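Visitor: Could you walk me through this one? I'd like to hear the reasoning behind the labels.

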Amino acid sequence: MLGAGAVGGYFGARLVEAGVDTTFLVRPARRRLLAEQGLRVFSPLGDANLVAPTVVATELRPEYDFVLLTCKAYDLDSAMDAIAPAISPRTAIVPLLNGLAHLDRLDARFGVARVMGGTCMIDSTLQADGSILHGGTLQRLVFGERDRSHTPRALALQSMLAAASFDTELADDIVQRLWDKLVFLSALAATTCLFRANVGEINSAPGGPAVMARALAANVAIATAEGHAVAAAAIDFAQQRLTDRTGSWSASLLRDLEAGGRIEGDHIVGWMLDRARRHGVDDVVLGLAFTALKAYEARRDSGRLAGPAADRQPPK
């Protein structure tokens with residue numbers, strides 16, 4: 001498991017808890033903290049404090065069956081460098097990043113045959129003291145072969161993951177599932193970041209519901225043009241979530257932005273914008289949101305952010 005943060009730490013902890021042979025690739029400081037305090041999870045579904053088997057980069061050997069990749073998109077290059085010594089001819093990489101842009105880069109580095117597809121749904125946060133806080137009860141990991149086959153390695157991974165307490169699914173068409181998620185996530189990220197507001201606040205504002213509907217319709221059209229038409233049930237789910245006047249949710253991209261941190265704007269919004277323009281699809285909401293995100297990045301990188309987030313800026 002690459003890292004022991006909000007996502008990798010949570011799912012990895014549940015695997016360790018179930019007795020699945022799991023090792024965390026971490027930095028030296030994180031290793032020391034885990035050795036001192038254990039891997040601590042606080043969740044409505046049960047707390048845990050576990051001994052976490054760890055390695056640092058210099059200790060890696062090519063002896064792993066699966067590498068679960070849980071980094072942010074902007075850390076993908078360094079993450080690929082980090083896991084490279086662990087990869088053997090039998091190793092399968094299961095990326096759990098948002099979106100689809102990372103697949104081409106992983107294929108180029110490690111080969112198409114070595115890269116599976118995957119995604120996860122969870123609300124978890126790495127807290128300042130190093131523990132992991134799980135909000136709510138959603139804890140789902142979906143994976144599969146990108147050619148839609150149920151290979152021996154996919155079935156073996158399904159068996160291992162099934163031992164843990166979280167929900168897991170071996171998808172028949174994982175690429176379509178990634179598109180289904182991205183259509184919703186990109187619309188959510190574009191709108192909540194553009195307006196700096198949650199779903200309920202946007203829909204309660206003049207013109208808000210129309211913008212949300214326009215963003216979703218554009219993303220559905222992009223997926224269709226790319227050969228991955230979204231199922232009616234997935235569209236209904238996205239529409240309900242995006243047009244809820246009482247909804248308090250927003251994209252994690254907005255939370256990262258409001259914290260003055262690095263963001264996945266290129267990966268989640270920019271990638272979809274590129275495809276909108278390629279296919280002649282309405283790009284107004286995506287375009288405005290992407291401009292806002294890039295302007296934020298320029299201001300952040302220059303050290304000119306005002307307010308609490310300014311404390312998190314890199315030095316000039």
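Guide: Happy to, and keep in mind that this is a predicted model. Let's begin with Cys193, which has a relative accessible area of 3%.

Visitor: What makes Cys193 buried?

Guide: Buried means under 20% relative accessible area, and Cys193 has 3%, so the label fits.

Visitor: Why is Cys193 too far from the closest cysteine sulfur for a bond?

Guide: The closest one belongs to Cys120, and the two sulfurs are 19 Å apart. A disulfide needs them within 2.5 Å, so that rules it out. The structure holds zero disulfides. Cys71 is in none either, its nearest cysteine sulfur being that of Cys120, 12 Å away. Cys71 is buried too, at 15% relative accessible area.

Visitor: On to the rings. How many aromatic pairs does a search of the whole structure find?

Guide: Four. One of them is Phe11 with Phe166.

Visitor: Why is the pair of Phe11 and Phe166 called edge-to-face?

Guide: Their centres are 4.9 Å apart, within the 6.5 Å cut-off, so they pair. Their planes stand at 90 degrees, and over 60 counts as edge-to-face, so that's the name.

Visitor: Which parts does this pair tie together?

Guide: Phe11 is in helix 1, and Phe166 is in the loop between helix 5 and strand 9, so the pair ties together parts 155 residues apart in sequence. Phe11 is buried at 1% relative accessibility, and Phe166 is buried at 3%. Ring pairs also bring Tyr10 into a cluster with Phe11 and Phe166.

Note on methods
Residues are numbered from 1 along each chain as its sequence is written. This is a predicted model: local features need pLDDT of at least 70, side-chain atom pairs count only at pLDDT 80 or more; totals for chains, interfaces and linings use all residues. Side-chain values use heavy atoms; hydrogens and water are left out. Rings of Phe, Tyr and Trp (its six-membered ring) pair if their centres lie within 6.5 Å; planes under 30 degrees apart count as stacked, over 60 as edge-to-face and the rest as tilted. Helices (H or I, at least four residues) and strands (E, at least two) are DSSP runs, numbered from the N terminus. Buried means under 20% relative accessible area, exposed over 50%, partly exposed in between (1.4 Å probe, protein chains only).
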